[in-house]
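Colleague: I am new to this structure and would like to understand how its terms are applied. Could you take me through them?

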There are 2 protein chains.
Amino acid sequence: LNIRLALTGFGSVGKGFAELLQQFGEQYEREYGARLVLTGVADRGGAVVNPEGLDPTVLLEAKQRYLTVSGAHLGEPGLEGREFLQKTQANVLLEAASTNFEDAEPGWGYAREALGLGMDVVLASKGSLVLHYQELMEMARKQDARVLFSGAVGAPLPILELADRALIGAGLQGFEAILNGTSNQVLEAMSEGSTYEEGVTIAQEIGVAETDPTLDVDGWDAAAKAVILANALFGVHVGLQDVAREGIREVTASELKEAARDGSRIKLIVRMSKTAGGVQASVGPEKRSQLDVLGRLRGIELGIVFKTKLLGDVTSTIQDAGGVPTALTVVRDVFNLARDRGWVSQL
Amino acid sequence: LNIRLALTGFGSVGKGFAELLQQFGEQYEREYGARLVLTGVADRGGAVVNPEGLDPTVLLEAKQRYLTVSGAHLGEPGLEGREFLQKTQANVLLEAASTNFEDAEPGWGYAREALGLGMDVVLASKGSLVLHYQELMEMARKQDARVLFSGAVGAPLPILELADRALIGAGLQGFEAILNGTSNQVLEAMSEGSTYEEGVTIAQEIGVAETDPTLDVDGWDAAAKAVILANALFGVHVGLQDVAREGIREVTASELKEAARDGSRIKLIVRMSKTAGGVQASVGPEKRSQLDVLGRLRGIELGIVFKTKLLGDVTSTIQDAGGVPTALTVVRDVFNLARDRGWVSQL
């Protein structure tokens, strides 16, 4: 079985996905029962489409050489939108363009067009989920389509998988979490003597920083994830303005040093708790002990502590983030979708 | 939609399940789209069946008063096996009788009969998985039935859910884990000055100890979980004899004190790693730092550290174990099954 995929956005996640197909495509087919076939890729410079399948190596080379996939053989500068999607004949849209929280484009437009064409949608970008969660899910319901987005709410941290499959009946009350690698990497570098700017550079080199690092350090990225999770986990329709948000710019080197003295670290923490009418959500720096699940995390490590009525604290952490790990969330969303759709058998 | 359930075994997990239905049955129906209806329960003394549904409160009272559910109104002392299952008209067998690793009965017999009758099976007991994993899955395949068993491999710790839905493509290499609450509770009590016997009593009072605590303290329970996980995660057919096993009886109070002196604890750890031809698996006490994911766990808390190629260490821990939390794994298995079967819609 072939699953035909249209990919929009060819930055760190998109390229990471192409690298995964290059290295592990055949292994995935053996293990999970379907071949992932990229039938079209679009970036800002245009697109390249082949319903028979594109070679990931060719795509990566074209991007490297021409800064756009449309530089590849048969590439079409200027091809985009509905026309692009139709040509790909894809079963699933993978949306991985860079996020913006003003109009959520180009992701929002692509998601709508894809649903309209009867495709399922996997989102690694956050914009359309943050600004249009309800509308998106309503459209999906009408089309009997599915929208998966595990990469949009904490990179590869398995938040949605746990909530969806493992916390059934547990009585979820809220959570606290580290969902942004960049700001915590910056705080750690600063506590070891780096400047704020050096910390940002390190995060960019690791490949975890957003294109615009102010989205990370001012807490926008974490707040956006909180908004999506409020919708997804609690069915509560909040927006960015409903999250109390404080970034890490005000954290000083001396505060970091003082925290280190008693075995603590300052971390950018997302908190959410169910209330009578909705949720209370915040993002801000907190001092945490190294003995604590979140306080013990280093660098770009991510983690979540679910607060439940029947199981107490249920935690999960993850070590590696960045382009390839986030691309892996796209792979898992596609195969989970394929199983839920009955395209491949349950394990 | 009603999902009709036959339950075998009415010990801490079976009673926990009845308590969950009593307290949360209506809430589950609202949240997950199906009503869980117990149509028959069997224990050592007999059974009680009503295809229209049994009242959990009546079952719990009968067990309390007569030590068997067959003491309830319309109860049938002596009713068991295939005849019991047929009368229940159940869609799913929930097997939660106490585990034994000699012949895996009565669980093994019930699982086979249920599959033969076209039922799906949820196992909270380990025996049939440890002794007959391959045969069981082969029978399920032939019947186009499903066998779920998240409660058999570490109580409510979401091991299988993570492996199944979140580690897709991550390149699982192995894991280390705390999968037995009792032995770690005993070690902790001893490090705080209790005797070994007092530690066992505490674990029994919490409700996490196996009926026969030697299964816990000699590492059999942890080794059994390792056997099931070798089969489930790595497709490797090993038995109890293939797991290097050391219990906690040899751990002395002075070793525990010495460990505590440098901020460490002694924990009963399960280790597994993929090898060229299969897996290497062991169970034994290890000294772990309190800064470590597993070393920081207290009392009956359980945890796992998956070792992966693309995501580094992926961890999960859980605070509460015992009858009700394990019963909750049955609830989640039933609803996950219902979604995979299309009985209820995906979330």
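Colleague: How many salt bridges does the rule find across the interface of chain A and chain B?

Modeller: The rule finds four across that interface. This is a predicted model, in which local features need pLDDT of at least 70 and side-chain atom pairs count only at pLDDT 80 or more, while totals for chains, interfaces and linings use all residues. Residues are numbered from 1 along each chain as its sequence is written, chains are lettered from A in the order in which they are written, and side-chain values use heavy atoms, with hydrogens and water left out.

Colleague: What makes the meeting of A:Arg165 and B:Asp340 a salt bridge?

Modeller: The term asks for a side-chain nitrogen of Lys or Arg within 4 Å of a carboxyl oxygen of Asp or Glu. The side chains of A:Arg165 and B:Asp340 meet at 3.1 Å, N to O, and therefore the pair satisfies the rule.

Colleague: Why is B:Glu198 called partly exposed?

Modeller: Buried means under 20% relative accessible area and exposed over 50%, with partly exposed in between (1.4 Å probe, protein chains only). B:Glu198 has 42%, so the middle term applies.

Colleague: How do you know that S13(A) and strand S13 of chain B pair?

Modeller: Two strands pair if DSSP finds at least two bridges between them, and five bridges join these two, which run antiparallel. Among the residues involved, A:Thr315 has B:Thr317 as its bridge partner.

Colleague: How many residues of each chain are in contact?

Modeller: With contact meaning heavy atoms within 4.5 Å, 43 residues of chain A touch 43 residues of chain B.

Technical notes. Helices (H or I, at least four residues) and strands (E, at least two) are DSSP runs, numbered from the N terminus.
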